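Colleague: I'm new to reading structures, so could we go through this one together? I'll ask, and you can walk me through the reasoning.

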Amino acid sequence: MRVKDARQNISGVWIRYLIERKPIQVFGDGRQRRDFNFVDDVIEALLLAAAAPASEGQAFNLGHTSI
C-alpha cells in the first residue's frame, strides 16, 4: 500500500496522517462505509457483465452494502 504520495487508497491516506500526527478528515456525517473487493470477484463480475447483452451501456457498482 502506498502511503508516500497522492496515488493511494483511503486506508493509506489515513495511515499516513496517523503517522504524521495530522487530523483525519471525514466528509459527510461519518457513517459512510467502504469495502474492499477481492480481485477474483471483480474479474468474475466484469466477465458476467461482458457476456450479458443487457449490460451494454450500463454502469455497475462492485461493492457491498450492509445495513
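**Talking through the model**

Modeller: Let's start with Val26, which counts as partly exposed at 49% relative accessibility. Keep in mind that this is a predicted model.

Colleague: Okay, and where does Val26 lie?

Modeller: Helix 1 covers 10-19, and another helix, helix 2, comes later. Val26 belongs to the stretch linking them, so its place is the loop between helix 1 and helix 2.

Colleague: Which nonpolar patch on the surface includes Val26?

Modeller: Val26 can join a patch because its 49% relative accessibility is over the 30% that a patch residue needs. Together the patch residues have about 360 Å² of accessible area. The members are Trp14, Leu18, Ile24 and Val26.

Colleague: Let's look at Trp14 then. Is Trp14 buried or exposed, or something in between?

Modeller: Trp14 is found in helix 1. Its relative accessibility is 35%, and because buried means under 20% and exposed means over 50%, it fits neither label. That makes Trp14 partly exposed.

Colleague: Which residues does Trp14 touch, leaving out those up to four places away in sequence?

Modeller: One good candidate is Ile24, which is 10 residues apart from Trp14 along the chain, yet their C-alpha atoms are separated by 6.3 Å. Ile24 does turn up among the contacts, with one other residue. The full answer is Ile24 and Gln25.

Colleague: Back to helix 1 as a whole. Why do its buried residues line one face?

Modeller: The buried residues of helix 1 are Gly12, Val13 and Arg16. Look down the helix axis and these buried residues fall within a limited arc, so they line one face of the helix. The arc is 100°.

Colleague: Arg16 is charged, so what does its side chain pair with?

Modeller: Arg16 is buried, with a relative accessible area of 16%. Its side chain meets a partner in a salt bridge at 3.8 Å, N to O, which fits because the cut-off for such a pair is 4 Å. The partner has a relative accessible area of 40%, making it partly exposed. That partner is Glu20.

Colleague: Which residues are linked with Glu20 in a network of salt bridges?

Modeller: Two salt bridges turn up in a search of the whole structure. Besides the bridge to Arg16, Glu20 meets the side chain of Lys22 at 3.1 Å, N to O. Lys22 is partly exposed, at 42% relative accessibility. So Glu20 is networked with Arg16 and Lys22.

Colleague: What is the phi of Arg21, and what kind of value is that?

Modeller: Most residues other than glycine have a negative phi. Arg21 comes just after helix 1 and takes a positive phi, and it sits in the loop between helix 1 and helix 2. Arg21 is also exposed, with 77% relative accessibility. The phi is near 55°.

Colleague: Now for Ser55. Which backbone oxygen lies 2.7 Å from a polar atom of its side chain?

Modeller: Ser55 sits in the segment after helix 2 (39-51). Ser55 is buried because its relative accessible area, 12%, is under 20%. Among the residues it touches, not counting those up to four places away in sequence, are Ala49, Ala50 and Phe60. The oxygen in question belongs to the backbone of Ala52.

Colleague: Zooming out, how many helices and strands are in the chain?

Modeller: We've mentioned helix 1 and helix 2 already. Strands haven't come up, and the count for them is zero. The tally is two helices and zero strands.

Colleague: Last one: what share of the residues counts as buried?

Modeller: The chain has 67 residues. It exposes about 6,400 Å², with carbon and sulfur atoms supplying 57% of that area. As for residues that count as buried, the share is 7%.

Definitions and conventions
Residues numbered from 1 in each chain as written. Predicted model: local features only at pLDDT ≥ 70, side-chain atom pairs only at ≥ 80, totals over all residues. Heavy atoms only, no water. Buried < 20%, exposed > 50% of the residue type's maximum accessible area, 1.4 Å probe, protein only. Helix = DSSP H or I, 4+ residues; strand = E, 2+ residues; numbered from the N terminus. Polar contact = N/O pair within 3.5 Å; in protein donor to acceptor, adjacent residues only side chain to side chain. Contact = heavy atoms within 4.5 Å. Areas by Shrake-Rupley, 256 points an atom, 1.4 Å probe, with all protein chains shown as cover. Patch = residues over 30% accessible without salt bridge, like charges linked within 9 Å, V, L, I, M, F, W, Y side chains within 5 Å. Arc of directions from axis to C-beta.
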